[in-house]
Amino acid sequence: MTPDAAPAAKRRPALTVSTVVAGVVVVVVSYTGPVAVVLQAARAGDLTAGQLESWLWALSLGSGVTCVLLSLAYRAPVLTAWSTPGAALLVTALATHSFAEAIGAYVIAAVLTVLLGLSRLFGALMRLLPPEVAAATLAGILLEFGLRLFRTADGDLALVVLMLGAYLAGRRFAASWATAFALLTGCAWTAATGGFGTWSGEVGVAVPAFTAPEFTLDAAVGIALPLFLVTMASQNAPGLAVLNAAGYHPDADRLVTSTGAAWLVLAPFGAHGLNLAAITAAICSGPSAHQDPERRYGAGVAAGVGYVVVGVFGSAFLGLFAVLPAALVAAIAGIALLGATGGALAAATRDASRLDSALVAFLVTASGVELLGVGAAFWGLLGGVLTHLALHRRQAH
């Protein structure tokens, strides 16, 4: 899917019930999971409430604006987010470096990202990726969410059964409303059983705070370089693989350059990393978002708008997300990803000659193994490609 995609796709509305619901699910998943790592890093660095508010504002605004602009530009559900592995790295780094030094490291990492995108090296490397390996990696990423959906039944069987039933009824009679039916049913059951927590947020507009970057060699080596490598390997590479597996092929280097530029602008306000998303991209690029692939970009736009709204009214929405029970979040995430998981498994196994490489990619990714601070998705991609090359060379001889 490219900026000059079929004119028919531009005439049909992309903001529909299903794409808006997919966007809402993306926002809920993002702020009930990954943001917890940011909060942990902020506590480790003993940041002030104003610095934390600015950090979340920068991440939300950067993710939201890039989601909207890139999704519209490519007519594809291009989802961006902040680097969760990068935030995990900061849990220890902020305990030994000042916040100004960390900001300087963010700037360096962002510049490296922009330079990589401009070099067009990232796209060249990603073009070597067999589509079956990309699909298998996506299936491995999503497997945990599918398993978590049914594990939730151990503690709340009624919730899972009711939500799955509502989803299947939607799939049978009104496919565009299937995920919405599941979400509404889950919320209704949670409310009826008193499962929601108490909202403790305050309504107010977030105030961004500029922190002048301080550049030190120690922070450049200890924060900037690892942050750059982890963001590229654990976020951008799997994120592009998700888009490719779903049949979307935007310019990889322009995507990386765009997210890197947004990161560079917002780094002094606390943004530790902006990159392509993988899991949330799968929510928006599968059939649950819309039956028509050419209209799924509306989910990316809806998610982006949601990010911006949360960023502007940060404290109020973070308090709202805190009242959602973990079972409800796990169930709706798993249900929203069912279609994407099935599609990824089908694409991964369609070529019998590449089953071995796809299987390696799937199993390594699903294992959750983390080596050298880099997540399993990267190692799954790498293992699948190396297996493919080894078998190809063997057959060539």
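Which helix supplies the largest share of the lining of the largest pocket? In this predicted model, local features require pLDDT of at least 70 and side-chain atom pairs count only at pLDDT 80 or more, whereas totals for chains, interfaces and linings use all residues. Residues are numbered from 1 along each chain as its sequence is written, and side-chain values use heavy atoms, with hydrogens and water left out.

The largest pocket (on a 1 Å grid over the protein atoms alone, an open set of points where a 1.4 Å probe fits, with protein on both sides within 12 Å along at least five of seven lines; lining residues have an atom within 4 Å of a point) has a volume of about 1100 Å³. Its lining comprises 42 residues, of which Thr 84, Ile 141, Phe 145, Gln 235 and Ile 279 are the closest to its centre. Helix α8 (residues 131–151) contributes the largest share, 7 residues, and the lining as a whole divides into 26 nonpolar, 13 polar and 3 charged residues.

The second largest pocket, with a volume of about 550 Å³, is lined by 19 residues, and Leu 125, Met 126, Ala 233, Ala 237 and Phe 378 lie nearest its centre. This lining consists of 19 nonpolar residues, with no polar and no charged ones, and its largest share, 6 residues, comes from α11.

The largest nonpolar core (buried residues, under 20% relative accessible area with a 1.4 Å probe, joined through side-chain atoms within 4.5 Å) has 114 residues, and Trp 55, Leu 90, Tyr 106, Phe 122 and Trp 263 have the most contacts inside it. Helix α11 gives the most to this core, with 11 residues. Beyond its neighbours within four places in sequence, Trp 263 is in contact (heavy atoms within 4.5 Å) with residues including Tyr 106, Leu 227, Thr 231 and His 272.

Technical notes. Grid points are joined across faces, edges and corners, and a volume is the space filled by probe spheres set on the points. Helices (H or I, at least four residues) and strands (E, at least two) are DSSP runs, numbered from the N terminus. Ala, Val, Leu, Ile, Met, Phe, Trp, Tyr, Cys and Pro count as nonpolar, Asp, Glu, Lys and Arg as charged, and the others, Gly among them, as polar. Buried means under 20% relative accessible area, exposed over 50%, partly exposed in between (1.4 Å probe, protein chains only).
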